[in-house]
Amino acid sequence: METPTQFVQWLRSVAPYIHAFRGKTFVVAFPGELVAAGALSVLAQDLSLLVALGIRVVIVYGSRPQVAEQLALRNVEGRFHNGLRITDTAALECAKEAAGELRLDIEAAFSQGLPNTPMAHASIRIISGNFVTARPLGVIDGVDLELTGITRKVDAERIHAILGTDSLVLLSPLGFSPTGEAFNLTMEDVAVSAAIALHADKIIFITETAMMLDEGGAEIRELSSHQAEAVLEAAFLATDSSFYLQHAIKACNSGVSRAHIVPFEMDGSALLELFTHDGVGTMISYENLESLRKATIEDVGGIIKLIEPLEADGTLVKRGRELIEREIDQFSVIEHDGVIFGCAALYPFPEEKMAEMACLTVNPEVQTQGDGERILRHMENRARAAGLKQLFVLTTRTSHWFQKRGFKPATIDALPKDRQRMYNWQRKSQVLVKSL
């Protein structure tokens, strides 16, 4: 942060996320490529911060490149079918060795505690065990996948008990059968199965893949699970990205509230995804996350937080909490993932078939993303639905913004008679009117 003021503003901006996430369960999965790229230490620091904020974290790690390395050392050629490794006895031994080595590396990363690092004064316990029961995948398309398996059950009860002690739980890409056999699993399958069994609030894939792009080359920031299924059917994504998206969809359709696919190439990508409005990856949810709706009494606190800075600098007329509570039915809000990012109020004057739109406010962090225009259209539709013909605003600083959107300058005489009597001559607000 360049100045103390910027730091304070940033800290205040992440507070709603901290409140929302405390006590929630996140399953965080990452591939062996992240470890090979040397990014494990930084990720451990970021996940330790989540634990310090009261978030319950389960980690699932992959080991594909490490298994490939072990196979190469033994001069054994890897075999695959439809992207899945065919795990014979030699490959399983390699998978065991790779998983064990990675587990030690992860435990070491969470044992950091050097002064002047994010891990200073942290005391993170990380616990692993035989929490995953698996079964063989069997024969697919006539090909026996041998010791390649799929998750059958995750011991959610024991994992929840461990999470309740403020410890991290670590799950490997290996599962075990009641007969004592071990099976090689995919990291994605273990992560999704764990998230479903634990009724997790989020599953986060920290991936080696690049940011997802649509067919036109635009970044895919947010999808409902239904939209994500359409993206898969269109078949324009790379194979690895499709594999992650397929598992994200499965998680959301099975009760996990949010799934995130976040490239690990950016430093701090997990934190940026969780604690900023747009994040740095792709978020999938069962329903559309953004809601533009009429306000309720529970929204008063969020509205006050939005408008207080503008009241302080004179952009908006000051409104007390009691006034907002009384007039809450006039307000609409735009909400994203439980956080209010914009609001406006509509005051009708039925006799003149006019309405005043007041208190149009959008969080400064997202003012370039069209939320203001979405709220404006919403308020226009509310006015039309009420049979009103004109919408007017009084503003001291944003007249150009409204004029670009069809409002025209007018005199005070154009206002409804009752509103003329309430006009504040000290503020000398400009009057702008739009026909609906």
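**Exercise 1. Find which domains the protein chain has, and how many residues of each take part in the contact.**

Solution.
Step 1. The domain assignment splits the protein chain into domain 1 (20–288) and domain 2 (291–435). The model is predicted.
Step 2. Six residues of domain 1 and five residues of domain 2 make the contact.
Step 3. Between the C-alpha centres of domain 1 and domain 2 there are 45 Å.

**Exercise 2. Describe the area buried between domain 1 and domain 2.**

Solution.
Step 1. About 560 Å² is buried between domain 1 and domain 2. Carbon and sulfur atoms give 44% of that area.
Step 2. Look at the side of domain 1. R258, H277 and D278 supply 72% of what domain 1 buries against domain 2. No other three residues supply more.

**Exercise 3. Count the salt bridges and the residue pairs in polar contact between domain 1 and domain 2, then sort the domain 1 side by class.**

Solution.
Step 1. The count of salt bridges between the two domains is zero.
Step 2. The count of residue pairs in polar contact, both at pLDDT 80 or more, is also zero.
Step 3. Now the classes. Where domain 1 touches domain 2, its side has four charged residues, one polar and one nonpolar.

**Exercise 4. Place I106 in its helix and decide whether it is buried or exposed.**

Solution.
Step 1. I106 belongs to helix α5, which covers residues 89–109.
Step 2. The relative accessibility of I106 is 0%. Buried means under 20%, so I106 counts as buried.
Step 3. List the contacts, leaving out residues up to four places away in sequence. I106 touches F30, L40, Y61, I126 and L170.
Step 4. Take I59 as well. I59 and I106 are 47 residues apart along the chain, and their C-alpha atoms are separated by 9.8 Å.

**Exercise 5. C359 and K428 each have a positive phi. For each, state where it lies and whether it is buried or exposed.**

Solution.
Step 1. Start with C359. Its phi is near 60 degrees, a positive value in a residue other than glycine.
Step 2. C359 sits in strand β20, residues 354–362.
Step 3. The relative accessible area of C359 is 5%, so C359 is buried.
Step 4. Turn to K428. Its phi is near 50 degrees, again positive in a residue other than glycine.
Step 5. K428 is in the loop between α15 (417–421) and β23 (430–435).
Step 6. K428 has a relative accessible area of 64%. Exposed means over 50%, so K428 is exposed.

Terms used
Residues are numbered from 1 along each chain as its sequence is written. This is a predicted model: local features need pLDDT of at least 70, side-chain atom pairs count only at pLDDT 80 or more; totals for chains, interfaces and linings use all residues. Side-chain values use heavy atoms; hydrogens and water are left out. Domain bounds come from an automatic or database domain assignment. Contact means heavy atoms within 4.5 Å. Buried area is the accessible area (1.4 Å probe) that two parts lose on being put together, summed over both. A salt bridge is a side-chain nitrogen of Lys or Arg within 4 Å of a carboxyl oxygen of Asp or Glu. A polar contact is a pair of N or O atoms within 3.5 Å; within protein, one must be able to donate a hydrogen and the other to accept it, and residues adjacent in sequence count only if both atoms are side-chain atoms. Ala, Val, Leu, Ile, Met, Phe, Trp, Tyr, Cys and Pro count as nonpolar, Asp, Glu, Lys and Arg as charged, and the others, Gly among them, as polar. Helices (H or I, at least four residues) and strands (E, at least two) are DSSP runs, numbered from the N terminus. Buried means under 20% relative accessible area, exposed over 50%, partly exposed in between (1.4 Å probe, protein chains only).
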